Amino acid sequence: MAMLALSPTEVHVLRQSFDFLLASMGHDREAVGDAIYGLKITALVAIKDSFTTPRAVVSLRFFNCFRLLLEKVEHPDELKVYVETLAFKHMGNEVTELRVDKVIDAFNELLVNNVPNLPPGTAAAWRQILTYCGSCYKYVGDTYGERLRVIKEDWAAVQASGSRDEKKEGDETAKEEEAKEGKEGKEGKEGKEGEEGGEAEGAEEVTNEDNAESFSFARMCAFSCEVMGQKTEAWMDELLKVFHILVEMISSPVHLQEECDLLAINLITKSQSIDFEKFKPVMLAALRSLLPKQWSTLHENAWEWLWTTVARNLNESTMKVRAFKPFNVKLFRNLTEDHLNRFRVDIFTAFFAKSQASQDLFKQSQSRLRYIADRVLQSSSDMFQKNKDETLDDLSALGLRHVGYGIPIELFGPFADCCVEVMLPLIQEIPNDCVSTKMIWCPKDKAHQIMEKDMHEHMMLEGFRWSIGLTARVLVRTIMDGSTAVMQAIHFDDSRRLRRALQDAPRVERSVWQLAVQVGSQSISPLFWALRSGAHAAAKTMIEDVLTIRADRDNYYYGADQLFKYQPNIADNILREAPFLADTLLEGLIWRSHKSKDNLRPVIYYLKHMLQDMDEEQMLSRALISYVRFNHPQTIMHPILTFSLDLLWEKLAKRFFLMDRVLTMFNCIVFILAECILNSPAMMDDPVGNKMLAGGRILVYSVGFCRLLYWHSVQCCRAFKDGALSRICGVKLPQYLTRSSDILSFLLMMDLLAMMTVEPMFHCMGKPEEHEEHEGMGLLQFRCAEWTDEMSLLYEIFVILGVFLYVILIIEVGSISVKLSEYRVLCLHAIEQVLLCFGVVLLAILTFSFAISGMTREVHAISNNEWDDVGASLSTLIRLAFGAMDLEGIQEVSKESPLLITVIVLFMMLVYSFF
């Protein structure tokens, strides 16, 4: 296929006329693509039915194809490769000279109708370039069409064989498990299983006849290697992982080269020397075994051509990657901080000078621009250092984010060129000790020679150019595959454009169009991007559309399952990014009939995703938890949330809650009996009462303490295992301890533990009786010399704390009643106000005590010593504030010091107004 060389004037005319067309349609790329699509349909009425792709999707593809065509038109070699790629995509369509002429005439008519003043020679230039494309389509279709058809059909059969192989493995595993379980049965059952086993063996014998046809391609290749007596090398395993992609990309030379470049990154780490010809007989032998009935010379020639093409690309790619890798490592090892700073600044200066339109896209701060420049350098280094799959995942994710940003793909080429131009002077400054002028072969292709002293600079620059170019190609492909009409509508935050983009969507795929855009191994949710980017009008339209019930003759379509499948954190995302859409999501989960009966309307609540999470390891739905944590009274009272929470409470939580609180109440009763009622001296002196007291305290520690210890131990282990930790005052603590009830339970456990350390029963056990009245008590003693008065004081303090903690925990039983819950909330608010009041009174006491201490003349003038210093004044004011002071002392002060009594009266007015 020949190359087309256009003059600079013709190139300028083509680009200028297309820019005029874009400007005439308001710089709307989708509108231009739709116009091109319309003229093509009009010109090719005979094959109109073959255009099965939705119009909204294919319109953007037309625009991108024309834009890339104009970018490569001044480089004949790049133009040839790109047109070949397009030709392979048109392989299934019959291309004739008459149809090509119709498309050309229709396009020229589109230009004339929309652009009043076209540059001279526009029609001839477009005819020349479009005729070249049409002739290439026809040539490729006639030359390679049959081969590609054979490869496509063969590979579909191979993939089906692999699916049967996987299913067979699953069935065999299930049979083995059933056989293991069957061994434990009775003799009659064993006999029955034996008969069934005989039938299974007979079936297996029948299946073995076509066993070769049920192997996967990878297993058959491994078998072929063993038959040929050669070892399956590591690079073959790596190749087999992506072989299906290479087969699919054989019709796209550019994408095939891109996949080979990425594959070469992994291949060079598996072997120092790779002979790709070794795989050819293995591949052909495996295909012959998998396709014994349809295999022929035609199939042999087609697959030989495929592997010859792939092997040639892989040879070139592995040679380049192996040659560039050490020089890339040396480049980034020698770049200084000054070099990096210059790159960060110069890259955008050069890019803005080369592409004026790019300035409107880079409106971030200098720190953000520096970060982008660092990411560019990091991607070049990672291309050689990281695994191919990891690198591709990062680039695919980055490309999908660029889809959301609406970045034009024509800017990636100039940006990559600017990166190389800015890196060149930096590479030239790296020290090079070699001064030899000897001519040596360039290691990247062994096709030309270069002076040895220039080798380092040449290879560093070429390696950087190769890695940046590959990064740009991956990003461009990602953006082209991910630039759907839905993403474009989100970029403009236009609900009307979004509805127009969804008009051609099939009902079964309508929700997926709005919830997932898949490129390679990465996926992005358009709905999530709409929320994240602030396109809330589009996000609201998408939520309403996904949760709208549609139907055809056979099925109903409702997108709730897809919504929570592709975006399980949808509720949290909405509440974080656009809280006003919270009710929109909830309303979409309710169906209300338009008919009513007896003033009642039938309603259906779709509770599945409010009660059950898509992740089976989650105990509760993340959506419900998000709404509860949102802590908004009006939202939580929505009918579907109220119904869901009531259902969970009545059917699941209420019983366990009451059981837990009943145990707590039982422990509290035992605690009060053992520590507050049975601890009287009379009970201790009575043998029966002594034993009752000992039994009660044993229950306190065995049932109460051990139960709390077990529960908190399990929760702590689970929190540390799952990483559910919260940092409080610099210390990592289990996250469950941030809840008030769990904190009180933990404090109660620690209080009981402290009580055990000063428990008189443990300290006095087995001690000799000190008093006669204690004789006959045996081992159980509660008073002895070892149990000191200090221990008694500590024990009493711990008992007081235990009583209060138990009662506070029991109060939570009020949650079963709305009235009790309301009263508890009011009490909590009242406690908060009381504490604030105490804080104000304490501040007033401190302030007036310091003020009175500064009045030395007045203090020495009075007869009593209640105001002598700060401590005395503080004590007196506290007694005065709480009404525990005799007012006669105040009357004596009023007689002796009018100024001091004035200050005291002001204090009383201030404090009593708060009390």
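**Note on the disulfide, free cysteines and nonpolar cores**

1. The structure holds one disulfide. The model under review is a predicted one. The bond joins Cys-764 to Cys-784, with an S to S distance of 2.0 Å.

2. On the geometry of this bond, the torsion about the S-S bond of Cys-764 and Cys-784 is about -80°, so the disulfide is left-handed. The two partners lie 20 residues apart, and the pair links distant parts of the chain. Both Cys-764 and Cys-784 are placed in the loop between helix H34 (760–763) and helix H35 (789–811).

3. As to solvent exposure, Cys-764 has 0% relative accessibility and therefore counts as buried. Its partner Cys-784 is buried as well, with a relative accessible area of 10%; this value qualifies because the cut-off for a buried residue is under 20%.

4. Two further cysteines deserve mention. Cys-133 is in no disulfide, and the nearest cysteine sulfur, belonging to Cys-136, is 6.6 Å away. With a relative accessibility of 5%, Cys-133 counts as buried. Cys-418 is likewise in no disulfide; here the nearest cysteine sulfur is that of Cys-419, at 7.1 Å. Cys-418 counts as buried, at 0% relative accessibility.

5. Turning to the nonpolar cores, the largest comprises 190 residues. The residues with the most contacts inside this core are Trp-126, Phe-217, Phe-243, Phe-279, Trp-303, Trp-307 and Phe-343. Helix H6 (residues 122–182) supplies the largest share of the core, namely 14 residues. A second core, separate from the largest, has 24 residues, among them Val-670, Leu-748, Val-758 and Tyr-806.

6. Trp-303 may be examined individually. Once its neighbours within four places in sequence are set aside, Trp-303 is in contact with Ile-151, Asp-154, Trp-155, Phe-243, Val-247, Met-283, Leu-284, Leu-287 and Trp-295. One of these partners, Phe-243, is also listed with Trp-303 among the residues with the most contacts inside the largest core.

7. As general background, nonpolar side chains in soluble globular proteins tend to be buried together.

8. A final point concerns helix H25, which spans residues 570–577. Which residues of this helix are buried? They are Ile-570, Ala-571, Asn-573, Ile-574 and Leu-575. The cover over the buried residues of H25 includes several other helices: H22 (526–533), H23 (536–546), H24 (560–566), H26 (582–588) and H28 (622–630).

Conventions
Residues are numbered from 1 along each chain as its sequence is written. This is a predicted model: local features need pLDDT of at least 70, side-chain atom pairs count only at pLDDT 80 or more; totals for chains, interfaces and linings use all residues. Side-chain values use heavy atoms; hydrogens and water are left out. A nonpolar core is a set of buried Ala, Val, Leu, Ile, Met, Phe, Trp, Tyr and Cys residues joined through side-chain atoms within 4.5 Å. Buried means under 20% relative accessible area, exposed over 50%, partly exposed in between (1.4 Å probe, protein chains only). Helices (H or I, at least four residues) and strands (E, at least two) are DSSP runs, numbered from the N terminus. Contact means heavy atoms within 4.5 Å. A disulfide is a pair of cysteine sulfur atoms within 2.5 Å.
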